[in-house]
Amino acid sequence: MYDSLSLKKIISDAGFIDICDSSYAVSSYIPEIHEVEFTKEGVPSVYIEAIKPIN
């Protein structure tokens, strides 16, 4: 099982940057996220956003 801190570490180790906690149907990078997230609330979970730089 993972929590926010352990997921952020794994994501960082994979080369992602700007890693931050998020919420269901909320995105700093995808303005149209509400078009693909159809329910009013998500399953209880951990939501994290990050960017993978182009090498």
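In this predicted model, Asp21 counts as partly exposed, because its relative accessibility is 44%. The side chain of Asp21 meets that of Lys8 in a salt bridge, with 3.0 Å from N to O. Lys8 lies in helix α1 (residues 4–13) and Asp21 in strand β1, so the pair ties together parts that are 13 residues apart in sequence. Lys8 also counts as partly exposed, because its relative accessibility is 23%. Side chains of opposite charge can pair when their charged atoms come close.

The count of salt bridges comes to two. Lys9 and Asp13 form one of them, at 2.8 Å from N to O. Both residues belong to helix α1. They are four residues apart there, so about one helical turn separates them. Asp13 counts as exposed, because its relative accessibility is 56%.

These pairs sit within a simple fold plan. The chain has one helix and two strands. Read from the N terminus, the order of elements is α-β-β. The chain holds 55 residues, of which 9% count as buried. Its exposed area is about 4,600 Å². Carbon and sulfur atoms supply 60% of that area. Contacts across the sequence were also examined. Among those between residues at least 6 apart, 58% join residues at least 24 apart.

Glu49 presents another case. This residue is placed in strand β2. Glu49 is buried, yet it has no salt bridge. The nearest side chain of opposite charge belongs to Lys8, and it is 11 Å away. A salt bridge requires a nitrogen-to-oxygen distance within 4 Å. Neighbours within four places in sequence set aside, Glu49 is in contact with Asp18, Ile19, Cys20 and Ser22. Its contacts also include Val26, Ser27, Ser28 and Tyr29.

Tyr29 gives a view of Glu49 from the other side of this contact. Tyr29 is found in the loop that runs between β1 (17–21) and β2 (48–51). Tyr29 counts as partly exposed, because its relative accessibility is 37%. Along the chain, Tyr29 and Glu49 are 20 residues apart. Their C-alpha atoms are separated by 8.4 Å. With neighbours within four places in sequence left aside, Tyr29 is in contact with Asp18, Glu49, Ala50 and Ile51. Asp18 is thus listed among the contacts of Tyr29 and among those of Glu49.

Definitions and conventions. Residues are numbered from 1 along each chain as its sequence is written. This is a predicted model: local features need pLDDT of at least 70, side-chain atom pairs count only at pLDDT 80 or more; totals for chains, interfaces and linings use all residues. Side-chain values use heavy atoms; hydrogens and water are left out. Buried means under 20% relative accessible area, exposed over 50%, partly exposed in between (1.4 Å probe, protein chains only). Contact means heavy atoms within 4.5 Å. Accessible areas come from the Shrake-Rupley method with a 1.4 Å probe; for residues, only the protein chains shown count as cover. Lys and Arg count as positive and Asp and Glu as negative; His and the chain ends are not counted.
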